[in-house]
Amino acid sequence: FPFPYTPYLIQEQFMAALYGALEAGRVGIFESPTGTGKSLSLICGALAWLRDFEQKKQEEEARLLAPEESGQEGKECPASAGPGHSESQGTAEEPDWVTAFVQKKEERDLVDRLKEEQIRRKKREDRLEKIRSNVQLKYAAKRKRSEEDETKRLLQLSKEVLSEGAGDALEQLDHNEEELILAEYESDEEKKVVSGLGEDDDDLEEEHVTKIYYCSRTHSQLSQFVREVQKSPFGKDTRLVSLGSRQNLCVNEEVRRLGALQLINDRCMEMQKNKHEKKSDEENEEKKRRVSRTICPFYSYEQMQFLRDEVLVEVKDIEQLVALGRETKACPYYGSRYAISAAQLVVLPYQMLLHEPTRNAAGIKLKDQVVIIDEAHNLIDTITCIHSAEVSGSQLCCAHSQLLQYMERYRKRLKAKNLMYIKQILYLLEQFVAMLGGNVNQNPSCQALSQTGTVLKSINDFLFQSHIDNINLFKVQRYCEKSLISRKLFGFVERYGSPASAVKSNKENEKLSGLQNFLLTLQQGADKEDTPQSPVMEAEHDQVRTASPLMQIEGFLSALTNANQDGRVIINRQGTVGQSSLKFLLLNPAVHFAKVVEECRAVIIAGGTMQPVADFREQLLSCAGVDPARVVEFSCGHVIPPENILPIILCSGPSNQQLEFTYLTRNMPQMMDETGRILCNLCNVVPGGVVCFFPSYEYEKQVYAHWEKTGLLTRLAVKKKIFQEPKKANQVEQVLVEYAKCIKRCSQAGGQMTGALLLSVVGGKMSEGINFSDDLGRCVIMVGMPYPNIKSPELQEKMTWLDKTMPRAAGQAPSRVLIENLCMKAVNQSIGRAIRHQKDFASILLLDHRYARPAIFNRLPQWIRERTQVKPAFGAAFAELRK
């Protein structure tokens, strides 16, 4: 394996195992602790395999094409004598010459296909080579673009001058109305597909070369990975393309300004539709000319072809791609998609790959390709989240009101098909609100509910009880997608529903004041309701409020089209209809993963901490129908020497109080006092930073308040400055910067203060993706065991479902296994943050005697487990730590 420096032994093992899994077409679960160079191992291992695979394929092609070159005579004789005969003995009905002829035809077809492919490949390679070597080309294209821009600008100016003179503002207004009307809708059955791609046919139809799809969770993780590729030996000659959402890749400022992803998506689709619509008659031409802004200037086929080639010539991350798009006046979102078929490595976020509609829309074909999913420790949760959906009562009422006003206003101008579907959607919304116990025509925040609580139903029961089992949800869902109704509705509300638009003529005002007042009360009601919620939720609500509520509801409708046994509908009735919600919960993530595993040549699920692995095998792979023999596991140790890490399970504290943080015992004052004493002792001997994880925000707050009261905080603050993990995501960065600064200052000053103490929460912002390397984390402490809230209806339902569908493993009920896995996955994520490279060192302290139980102990990552000591008393543990 080519490698930028001498690899660690475990990296060599990792690459060899990876190569083997790809070659044999396996499903691999790969674990390599953070700090062991996992990204580079993945890059070098996978790309080395791809290079060899391509080489073999070309040799094979050359072998098949060789007889061609040497002239016809040589080819005839041996073929007719050879395979024909051997075949014919098996099939008595066919004469030899028929069999031989069929076989010859197949061979000839294969040869023809290979030839075509070769010509295409040659064309592509020549094109890219030309771009590499020929700067002239670039400048010619650039010059042409700036000329076009200039002409456009002049046209625009002349238009403005004309319109000022003509004073056709009224006409303009009427035209804007045009945009809001739904175009005539034909469902797929009625539409005969007409393909008129024209001269670029062979370009678009380019065959997908064998490639690797690499996905991770966030855009920053993907960018990091692309930078690693750039540094690797494969950086120069790998054709890599980064895919992202429009939010990340759009370069049209007017569209970007919309902020919410859904709005950006819809606006973009609409602009394209305007571009593709045939300009049929003269009057249509007129309209189009008047409203030039609805066509995106960056969506130009020629420019995007240019961008595609630029992307393939040199590895670029998302930021570089966007910069290139701005410079070349080409859309990076679509330009990058054109590059997929010829790319060797496609880098993309989870959601795009795991959600089939998104995958198809992006033009991703998984047949016989390789997929690597990195940071996959919560893959099961991720799939569940992508395919679950929730809508609130106020969103349902709001959407109903908007849609009703929309229909009334344009009733005369809408075609029958549109009216039919709009009425169906209105009916669905009415029934959903009725299921919450409300009435769609009253203000949701004023309707108090007599019965509150949570009810779970199967999908079928929900459809029957809400009387919507006679509606074809698949068709409604397709209608919403194709007609862009939510976008039109958003435009309508933007124009007539917001107080800002009240400047319209008087007649308009009378008609719409009802809608305005209703929306205003909704808004105020929503503002009132949101106050008790956490800040994180508020941010999400802002998002939802700016987008059309119908978009959320479309997600819920499409979730209801899952198979009955794979999901549940949770009807959550709170104080008022507005606060209540309907939520779809996916129980069986395997149904959505099965397609990926079936189509791909090989799938690699990789992560820093994959322990416990059992749930991947059972809930994901065996449920998706993967043969256990196809699954391969690889786990490697860490690169640090054994003495660089000291994991301790502590069973009791300094005053011999047994440590057991259950829901019952953890609130006792003596437990909180004991935790404080342990921390005080540790802060006396541990230099630099100490990170202490609590099972929840609530408990962290409670302990902090208790320590404040007893004066323990003051004692702690002598040695370490105390920081708390903020609840708001946007403050995390600042707290971390302060924490790091404080540690640096203390290490240089050398006074009584030795560093800082960071109080964090398991599963919060600090427990994932943040590195406490070196002095930032010399000791990581885990207070108690972060079991999930077993009372939550979602978890209860998942447990019941597992017990029904899964076999008992080693005498434990699957639901029990789930709870322990969830707990230990969270623990492993948090404690794995301390060791980030070969020279790093840290101690890890697990405060709870239950960690010593075999079932729990064996779920620790192997590299931590084999060095862990169980200490019944505090004295011995403290001595070890001091050393």
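1. A nonpolar patch of about 370 Å² on the surface is formed by W97, F101 and V102. The model in which this patch appears is a predicted one, and the points below should be read accordingly.

2. One member of the patch, V102, belongs to helix 4, which spans residues 96–133. With a relative accessible area of 41%, V102 is partly exposed. V102 can contribute to a patch because patch residues must have over 30% relative accessible area, and the value for V102 is 41%.

3. As regards the overall architecture, the protein chain contains 37 helices and 18 strands. The chain has 883 residues, of which 50% count as buried.

4. Contacts across the sequence also merit a remark. Taking contacts in the protein chain between residues at least 6 apart in sequence, 81% link residues that are at least 24 apart.

5. The protein chain exposes about 41,400 Å² in total, and 53% of this area is supplied by carbon and sulfur atoms.

6. A disulfide is a covalent bond between the sulfur atoms of two cysteines. How many disulfides does a search of the whole structure find? The search finds zero. For C692, the closest cysteine sulfur is that of C779, at 8.7 Å, which is too far for a bond; the cut-off for a disulfide is 2.5 Å.

7. Two cysteines may be described by their accessibility. C692 counts as buried, because its relative accessibility is 0%. C651 likewise counts as buried, with a relative accessibility of 15%, since the term applies under 20%.

Definitions and conventions:
Residues numbered from 1 in each chain as written. Predicted model: local features only at pLDDT ≥ 70, side-chain atom pairs only at ≥ 80, totals over all residues. Heavy atoms only, no water. Patch = residues over 30% accessible without salt bridge, like charges linked within 9 Å, V, L, I, M, F, W, Y side chains within 5 Å. Areas by Shrake-Rupley, 256 points an atom, 1.4 Å probe, with all protein chains shown as cover. Salt bridge = Lys/Arg side-chain N within 4 Å of Asp/Glu carboxyl O. Helix = DSSP H or I, 4+ residues; strand = E, 2+ residues; numbered from the N terminus. Buried < 20%, exposed > 50% of the residue type's maximum accessible area, 1.4 Å probe, protein only. Contact = heavy atoms within 4.5 Å.
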